[in-house]
Amino acid sequence: MLVARSVMLSAEYRLERLLERTRQMLAHNPAPILLLLPDLTLLYANPGHEALTGRLSSEISGMKMFDVFPANPGSAGENAQAAVIASIARVMASQSADELLEQKTRYYHIIW
């Protein structure tokens, strides 16, 4: 039991270090970038995103993407969200970028 717990802690430590290195790398990119979990929970927003939106990473971290970016008032809300979710699924399956241009007022460029 102690060995299994040690391995779990080691994996958690490695994951946390990887996330911290990723945050450091993204912090130096001027483009607005969000780091998301597969369930669309926001983990991190870089300074470029903070400058663009006026919202701090600490303010939106842990929130779901569609709580931070609700449906556009002039769009078919559920269809727009479904299109974004489908695009993210394509990115995760193909491990390559997918562009989603169907949004009326937002442009999403999704990279996994």
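Visitor: What is the relative accessible area of Glu20?
Guide: Let's start with the scale: "buried" means under 20% relative accessible area, "exposed" means over 50%, and "partly exposed" is in between, with a 1.4 Å probe and protein chains only. Glu20 lands in the middle class, so it counts as partly exposed. Its relative accessible area is 36%.

Visitor: What kind of model is this?
Guide: Residues are numbered from 1 along each chain as its sequence is written, and side-chain values use heavy atoms, with hydrogens and water left out. Local features need pLDDT of at least 70, side-chain atom pairs count only at pLDDT 80 or more, and totals for chains, interfaces and linings use all residues, as this is a model that is predicted.

Visitor: Which pattern do the helices and strands follow along the sequence?
Guide: Helices (H or I, at least four residues) and strands (E, at least two) are DSSP runs, numbered from the N terminus. The protein chain has five helices and four strands. Read along the sequence, they give α-β-β-α-α-α-α-β-β.

Visitor: Which element has the lowest mean pLDDT?
Guide: pLDDT is the predictor's confidence in each residue, from 0 to 100. The chain's mean is 79, with 74% of its residues at 70 or more. Where pLDDT is low, the predicted coordinates should not be read in detail. Helix α3 (residues 57-60) has the highest mean, 93, and the lowest, 54, belongs to strand β4 (residues 108-110).

Visitor: Back to Glu20: which residues share a network of salt bridges with it?
Guide: A salt bridge here is a side-chain nitrogen of Lys or Arg within 4 Å of a carboxyl oxygen of Asp or Glu. Arg23 forms one with Glu20, where the closest N and O atoms are 3.5 Å apart, and another with Glu16, at 3.4 Å from N to O. Glu16 is partly exposed, at 42% relative accessible area. Together with Glu20, the network holds Glu16 and Arg23.

Visitor: Which helix holds both Arg23 and Glu20?
Guide: Arg23 and Glu20 are three residues apart, so about one helical turn separates them. Both sit in helix α1 (residues 2-27).

Visitor: Which residue does Arg55 meet in a salt bridge?
Guide: By the salt-bridge rule, the count comes to five, and one of them joins the Arg55 side chain to its partner at 3.2 Å, N to O. Arg55 is partly exposed, at 27%, and the partner is partly exposed too, at 42%. That partner is Glu59.

Visitor: Which residue in the turn between β1 and β2 has a positive phi?
Guide: Two strands pair if DSSP finds at least two bridges between them. Strand β1 (residues 34-36) and strand β2 (residues 42-45) pair in the antiparallel sense over three bridges, and Leu36 stands opposite Leu42. They form a hairpin with five residues between them. The residue in that turn, with a positive phi of about 70 degrees, is Leu40.

Visitor: Is Leu40 buried or exposed?
Guide: Leu40 is in the loop between β1 and β2, and it has that positive phi although it is not a glycine. Its relative accessibility is 10%, so it counts as buried.

Visitor: And where is Gln95 found?
Guide: Gln95 is a residue other than glycine with a positive phi, near 60 degrees. At 51% relative accessibility, Gln95 counts as exposed. Its place is the loop between α5 and β3 (98-100).

Visitor: How many residues make up the largest nonpolar core?
Guide: A nonpolar core is a set of buried Ala, Val, Leu, Ile, Met, Phe, Trp, Tyr and Cys residues joined through side-chain atoms within 4.5 Å. The largest one includes Leu40, Leu42, Met65, Phe69 and Ile88, and its full count is 12. At least two residues of this core come from each of β2, α4 (65-68) and α5 (77-94).

Visitor: How far apart are the C-alpha atoms of Met65 and Asp39?
Guide: Met65 lies in helix α4 and is buried, at 6% relative accessible area. Along the chain, Met65 and Asp39 are 26 residues apart. Their C-alpha atoms are separated by 9.0 Å.

Visitor: Which residues does Ser57 touch?
Guide: Ser57 is in helix α3 and counts as buried, at 9%. Contact means heavy atoms within 4.5 Å. Not counting residues up to four places away in sequence, Ser57 touches Tyr44, Ala45 and Glu50.
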